[in-house]
Amino acid sequence: MKKNAKQKILEAAMKVFGEQGFRAATVREICKKAGVNIALVNYHSRVKSFFILSFSTLSLQISTAVIRWKNL
């Protein structure tokens, strides 16, 4: 399955945040690691907050799936 740009960016953001921490991570570094043009990302400070919100949502979905699976 081919990953879309959003998936690539989110995966790269998780790696960069893990390597550098949230404060030190830059959108430029995330886009470089994802192999996407920085123009694809809205380049201002709220972008990193979007990543954190996306990770939180994904974590909640995974946790919910695990709980449901364990209750089968």
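Lysine 33 has a relative accessibility of 37%, so this residue counts as partly exposed. The model described here is predicted. In this model, lysine 33 shares a salt bridge with glutamate 19, and the count of salt bridges comes to 1. The points below cover that pair, helix α2, a nonpolar surface patch and the largest pocket.

**Salt bridge**

- The side chains of glutamate 19 and lysine 33 meet at 3.6 Å, taken from N to O.
- This pair links distant parts of the chain, with glutamate 19 in helix α1 and lysine 33 in helix α2, 14 residues apart.
- Glutamate 19 counts as exposed because its relative accessibility is 53%, and the cut-off for exposed is over 50%.
- Lysine 33, at 37%, counts as partly exposed, because that class lies between the limits of under 20% for buried and over 50% for exposed.
- Side chains of opposite charge can pair when their charged atoms come close.

**Helix α2**

- Helix α2 spans residues 27-34.
- Its buried residues are Val27, Ile30, Cys31 and Ala34.
- These buried residues cover an arc of only 95° around the axis, so they sit on the same side of α2.
- Arg28 and Lys32 are exposed residues on the face of α2 turned away from the buried side.
- Glycine 35 follows α2 and has a positive phi, near 75°.

**Nonpolar surface patch**

- Met14, Leu58, Ile62 and Val66 make up a nonpolar patch on the surface.
- Together these four residues have about 320 Å² of accessible area.
- Helix α3, residues 46-70, gives the most to the patch, with 3 residues.
- Methionine 14 lies in helix α1, which covers residues 5-20.
- Methionine 14 counts as partly exposed because its relative accessibility is 41%.

**Largest pocket**

- The largest pocket holds about 170 Å³ of space.
- Its lining consists of Lys6, Gln7, Leu10, Glu11, Met14, Ser54, Phe55, Thr57, Leu58 and Gln61.
- Helices α1 and α3 each supply at least two residues of this lining.
- Met14 and Leu58 belong to the nonpolar patch and also line the largest pocket.
- Rolling a probe the size of a water molecule over the atoms shows where empty space is left.

Methods: Residues are numbered from 1 along each chain as its sequence is written. This is a predicted model: local features need pLDDT of at least 70, side-chain atom pairs count only at pLDDT 80 or more; totals for chains, interfaces and linings use all residues. Side-chain values use heavy atoms; hydrogens and water are left out. Patches are made of residues with over 30% relative accessible area and no salt bridge: like charges are joined within 9 Å, nonpolar side chains (Val, Leu, Ile, Met, Phe, Trp, Tyr) within 5 Å. Accessible areas come from the Shrake-Rupley method with a 1.4 Å probe; for residues, only the protein chains shown count as cover. Helices (H or I, at least four residues) and strands (E, at least two) are DSSP runs, numbered from the N terminus. Buried means under 20% relative accessible area, exposed over 50%, partly exposed in between (1.4 Å probe, protein chains only). The arc is that of the directions from the helix axis to the C-beta atoms. On a 1 Å grid over the protein atoms alone, a cavity is a set of points where a 1.4 Å probe fits but cannot get out, and a pocket is an open set with protein on both sides within 12 Å along at least five of seven lines; lining residues have an atom within 4 Å of a point. Grid points are joined across faces, edges and corners, and a volume is the space filled by probe spheres set on the points.
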